[in-house]
Amino acid sequence: MPASPDAASHDPILQALASDRPAVSFEFFPPKDDEGEAQLWRTIDDLSPLEPTFVSVTYGAGGTSQDRTVRITERIAREASMPPVGHLTLVGQSRGEIETVLKQYVAAGVQHVLALRGDPAGGPRAPWEPHPDGMSHAIELVDLVREVGGLSVGVAAFPEGHPDCGGLDEDADVLVAKSRAGASFAISQLFFRADDYFGLVRRVRDRGCDLPIVPGIMPILNFGQVARMAELSGADMPREVLDQIEPIADDRAAVRAKGIELATQLCRDLLAGGAPGLHFMTLNRSPATREIFEQLRADGLV
């Protein structure tokens, strides 16, 4: 069952997503070493004054970096002023191991997790191979989170459809099923056209589901890197975006400036259309996110 109205009234993330003011949140990834972790904490400090609704910490590709993800998420819960959302995937883990992580989160004061199937260890296009004692679908993880208790659960949404789904309607059916299993909110994969996001929202609403869907935002700061991430997530690099980026692809400063411009306009369009917030994929750096945020604040949108 989804969160009850009473439970939702005590959940800071659900409260923020239901308010008139757009929720703003940031996503980090677990660093590979101590130097990267120090950089992450500097970024968290830099972004704290923006008063994010929450921050999330991903797993590494193919389910790697679980231990560091859990440790960083627990530290944010203890020391930072913003609620953390811990990502959790099914990759390479038994049901018992996942249950242990969930109980760790609860014990550390983490109140929210993002339940994901995750990409196969062989890469996003490799066949899915579940752990012998594990699970194969995110909805099973939603069920487990609700069974363990003490956590609000979010899920992933795919404006252009999950690569493994049979089409946009089937993809919407899966998201609605996760909501009915107990998911309280969703965060979308990166995308570049507001219409793709609003199409997903419309399909979900047409199925009688009011799950809040937060759009995920990744500005194009490094063309090759973002193009690769879009390919991995199944997102399309639209021709209207490529026409603006490709002519300047060799000029890093120009790509960065154009990427911030495009992302800022995307955010404006999303908020104008009623998106409940914005989830920035920061890549553990704060300047671009701050620039977009400050422009939106100057526009009176956040």
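These exercises, each with a worked solution, explore a predicted model.

**Exercise 1. Cysteines**

Work out how many disulfides the structure holds, and explain the result for Cys165 and Cys209.

*Solution.* Let's start with the general idea: a disulfide is a covalent bond between the sulfur atoms of two cysteines. To count as one here, the two sulfur atoms must lie within 2.5 Å.

Next, take Cys165 and look for a partner. The closest cysteine sulfur belongs to Cys209, and it is 15 Å from the sulfur of Cys165, which is too far for a bond. Looking from the other end, Cys209 is in no disulfide either, since its nearest cysteine sulfur is that of Cys165, 15 Å away. The count for the structure is 0 disulfides.

As a last step, check the surroundings of each residue. Cys165 has a relative accessible area of 19%, so it is buried, given that the limit for buried is under 20%. Cys209 is also buried, at 6% relative accessibility.

**Exercise 2. Two helices and their lengths**

Compare the expected and actual spans of α7 and α8, then find what their buried residues pack against.

*Solution.* Begin with α7. It has 14 residues, which at 1.5 Å a residue should span 20 Å. Its end C-alpha atoms are 20 Å apart, so the two values agree. Remember that the expected span uses one less than the number of residues.

Now repeat this for α8, residues 194-206. Its 13 residues should span 18 Å, and the end C-alpha atoms are 18 Å apart, in agreement.

Then list the buried positions. In α7 they are Asp171, Ala172, Leu175, Val176, Lys178, Ser179 and Ala181. In α8 they are Ala194, Asp196, Tyr197, Gly199, Leu200, Val201, Arg203 and Val204.

With these in hand, turn to the packing partners. The buried residues of α7 pack against α6, β5, β6 (185-190), α8 and β7. Those of α8 pack against β5 (152-157), α7 (168-181), β7 (213-217) and α11 (252-272).

Finally, see what follows each helix. After α7 comes Gly182, with a positive phi near 135 degrees. Just after α8, Gly208 has a positive phi of about 75 degrees.

**Exercise 3. How α6 meets α7**

Describe the packing of α6 and α7, and sort the residues of their contact by character.

*Solution.* Two packed helices are described by the angle between their axes and the distance between the axes. For helix α6 (residues 138-148) and α7, the angle is about 10 degrees and the axes are 9 Å apart. The two helices are therefore roughly parallel to each other, because angles under 35 degrees are counted that way.

Who makes the contact? On the α6 side are Ala138, Ile139, Val142, Asp143 and Arg146, and on the α7 side Ala177, Lys178 and Ala181. Sorting the residues of this contact gives 5 nonpolar, no polar and 3 charged.

Now zoom in on Arg146, which sits in helix α6. At 33% relative accessibility, it is partly exposed. Arg146 and Ala181 are 35 residues apart along the chain, while 8.5 Å separates their C-alpha atoms.

**Exercise 4. Positive phi outside glycine**

Describe the phi, the location and the burial of Glu51 and Asn284.

*Solution.* The background is that most residues other than glycine have a negative phi.

Take Glu51 as step one. Its phi is positive, about 55 degrees, although it is not a glycine. Glu51 lies in the loop between α3 and β2 (54-57), and its relative accessible area of 59% makes it exposed.

Step two is Asn284, another non-glycine residue with a positive phi, near 65 degrees. Asn284 is in the loop between β8 (277-281) and α12 (287-298). With a relative accessible area of 3%, Asn284 is buried.

Step three follows Asn284 to a contact partner, Thr43 of helix α3 (residues 34-47). Thr43 is buried at 1% relative accessibility. Beyond its neighbours within four places in sequence, Thr43 touches Phe28, Asn284, Arg285 and Ser286.

**Exercise 5. A strand residue**

Find where Met281 lies and which residues it touches.

*Solution.* Met281 is in strand β8. Its relative accessible area is 9%, so Met281 is buried. Setting aside residues up to four places away in sequence, Met281 touches Glu27, Ser188, Gln189, Leu190, Gly216, Ile217 and Met218. As a final distance, the C-alpha atoms of Met281 and Glu294 are 16 Å apart, with their positions 13 residues apart in sequence numbering.

Notes
Residues are numbered from 1 along each chain as its sequence is written. This is a predicted model: local features need pLDDT of at least 70, side-chain atom pairs count only at pLDDT 80 or more; totals for chains, interfaces and linings use all residues. Side-chain values use heavy atoms; hydrogens and water are left out. Buried means under 20% relative accessible area, exposed over 50%, partly exposed in between (1.4 Å probe, protein chains only). Helices (H or I, at least four residues) and strands (E, at least two) are DSSP runs, numbered from the N terminus. Contact means heavy atoms within 4.5 Å. Axes are lines fitted to C-alpha atoms, for helices over the stretch in contact, and angles run from 0 to 180 degrees between N-to-C directions. Angles under 35 degrees count as roughly parallel, over 145 as roughly antiparallel, 65 to 115 as roughly perpendicular and the rest as oblique. Ala, Val, Leu, Ile, Met, Phe, Trp, Tyr, Cys and Pro count as nonpolar, Asp, Glu, Lys and Arg as charged, and the others, Gly among them, as polar.
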